[in-house]
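This report goes through one protein model, from a single side chain to the whole chain. Keep the structure open while reading.

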Amino acid sequence: MSTSFELDPVSRITAGAIGEPGNRTFYIQARKDEVLVTLLAEKQQVQVLATTLSQLLETLDPIEDEGLPPTSDEMDLEDPLLPEWRIGPMAIEVEEDTGLMVFVAEEAGSGDEDDETAQDLAHARFVATRAQMKALAEHAEIVCSGGRPQCQFCGFPIDP
């Protein structure tokens, strides 16, 4: 059984990829104090996360005095890259009382789980400021755009 995580609030949250275009491994990573959590993700999940965060942030009123957003250097993945588990379903929530944003991810199952086994899958809950989530969205867009060029006809990546 994998470990679940609740980082409330995170001191940093980011997404990144390691490897050559066409053969990259994607991660979502969060830290609170001495706890560093690294989760494996698919490129499409990172893209959807970036798009969803950007769209959601556009609908929210800004919050005063949230502090400065992280710099691009602060968005790099931290070593060691030891993923806890692969991400399955994801969600974004906004806490009404604090205005903080919450990234929730569940562990990917094999697809063969019954209801009882599915309840044993791990989850992660990362609470962050809007500034942190905006920086995550912007950085995730950059990470995803760094791959292989897309075919103008079919939209799929072009192999070298």
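## Histidine 139 and its surroundings

A polar atom of the histidine 139 side chain lies 3.2 Å from the backbone oxygen of alanine 15. The model is predicted, so this value is computed from predicted coordinates. Histidine 139 belongs to helix H3, which covers residues 130–145.

Is histidine 139 buried or exposed? Its relative accessible area is 14%. The cut-off for buried is under 20%, so histidine 139 counts as buried. Leaving aside residues up to four places away in sequence, histidine 139 touches Thr14, Ala15 and Met75. Alanine 15 thus appears twice: as a residue touched by histidine 139, and as the owner of the backbone oxygen 3.2 Å from its side chain.

## The three-stranded sheet

Three strands make up an open sheet, in the order E2-E3-E4. Their pairing is antiparallel. In general, strands of a sheet pair through backbone hydrogen bonds, either parallel or antiparallel. Which strands stand at the edges? They are E2 and E4. Each has a single partner strand, so one side of each is left without a neighbour in the sheet. On average, neighbouring strands of this sheet are turned by 20 degrees against each other, direction ignored.

E2 pairs with strand E3 (residues 25–32) in the antiparallel sense, over seven bridges. One residue pair places this pairing in the sequence: arginine 12 has arginine 31, in E3, as its bridge partner.

## Helices on the sheet

H1 lies across E2, E3 and E4. Its direction runs at about 55 degrees to E3. H3 also packs on the sheet, touching E2 and E3. The direction of H3 makes about 5 degrees with that of E2.

Histidine 139 sits in H3. Its contacts with Thr14 and Ala15 add residue detail to the packing of H3 on E2, a strand that spans 12–18.

## Salt bridges

How many salt bridges does a search of the whole structure find? The count is seven. One of them joins glutamate 6 and arginine 125, whose closest N and O atoms are 2.7 Å apart. Glutamate 6 lies in strand E1 (residues 5–7) and arginine 125 in strand E7 (residues 123–128), so this pair ties together parts that are 119 residues apart in sequence. Glutamate 6 is partly exposed, at 47% relative accessible area.

Arginine 125 also forms a salt bridge with aspartate 8. Here the closest N and O atoms are 3.9 Å apart. Aspartate 8 is in the loop between E1 and E2, so the bridge ties together parts 117 residues apart in sequence. Aspartate 8 is partly exposed, with a relative accessible area of 33%.

Arginine 86 and glutamate 42 meet in another salt bridge, at 2.9 Å from N to O. The two residues are 44 apart and link distant parts of the chain. Arginine 86 is in the loop between helix H1 (43–59) and strand E5 (87–94). Glutamate 42 is in the loop between strand E4 (35–41) and H1. Arginine 86 is partly exposed, at 38% relative accessible area. Glutamate 42 is partly exposed, also with a value of 38%. Which residues do shared salt-bridge partners join into one network? They are Glu6, Asp8, Glu95 and Arg125.

## Threonine 3

Threonine 3 is found in the segment before E1. At 42% relative accessibility, threonine 3 counts as partly exposed. Threonine 3 touches Trp85 and Ala122, not counting residues up to four places away in sequence. Threonine 3 and aspartate 120 are 117 residues apart along the chain, with 9.8 Å between their C-alpha atoms.

## The whole chain

The protein has three helices and seven strands. Along the sequence they follow the pattern β-β-β-β-α-β-β-α-β-α. Of the 160 residues, 38% are buried, histidine 139 being one of the buried residues.

Contacts between residues at least 6 apart in sequence give a further figure: 62% of them join residues at least 24 apart. The protein exposes about 9,700 Å². Carbon and sulfur atoms supply 49% of that area.

Methods
Residues numbered from 1 in each chain as written. Predicted model: local features only at pLDDT ≥ 70, side-chain atom pairs only at ≥ 80, totals over all residues. Heavy atoms only, no water. Helix = DSSP H or I, 4+ residues; strand = E, 2+ residues; numbered from the N terminus. Buried < 20%, exposed > 50% of the residue type's maximum accessible area, 1.4 Å probe, protein only. Polar contact = N/O pair within 3.5 Å; in protein donor to acceptor, adjacent residues only side chain to side chain. Contact = heavy atoms within 4.5 Å. Salt bridge = Lys/Arg side-chain N within 4 Å of Asp/Glu carboxyl O. Pairing = 2+ DSSP bridges. Axes fitted to C-alpha atoms, helices over the stretch in contact; angles between N-to-C directions. Areas by Shrake-Rupley, 256 points an atom, 1.4 Å probe, with all protein chains shown as cover.
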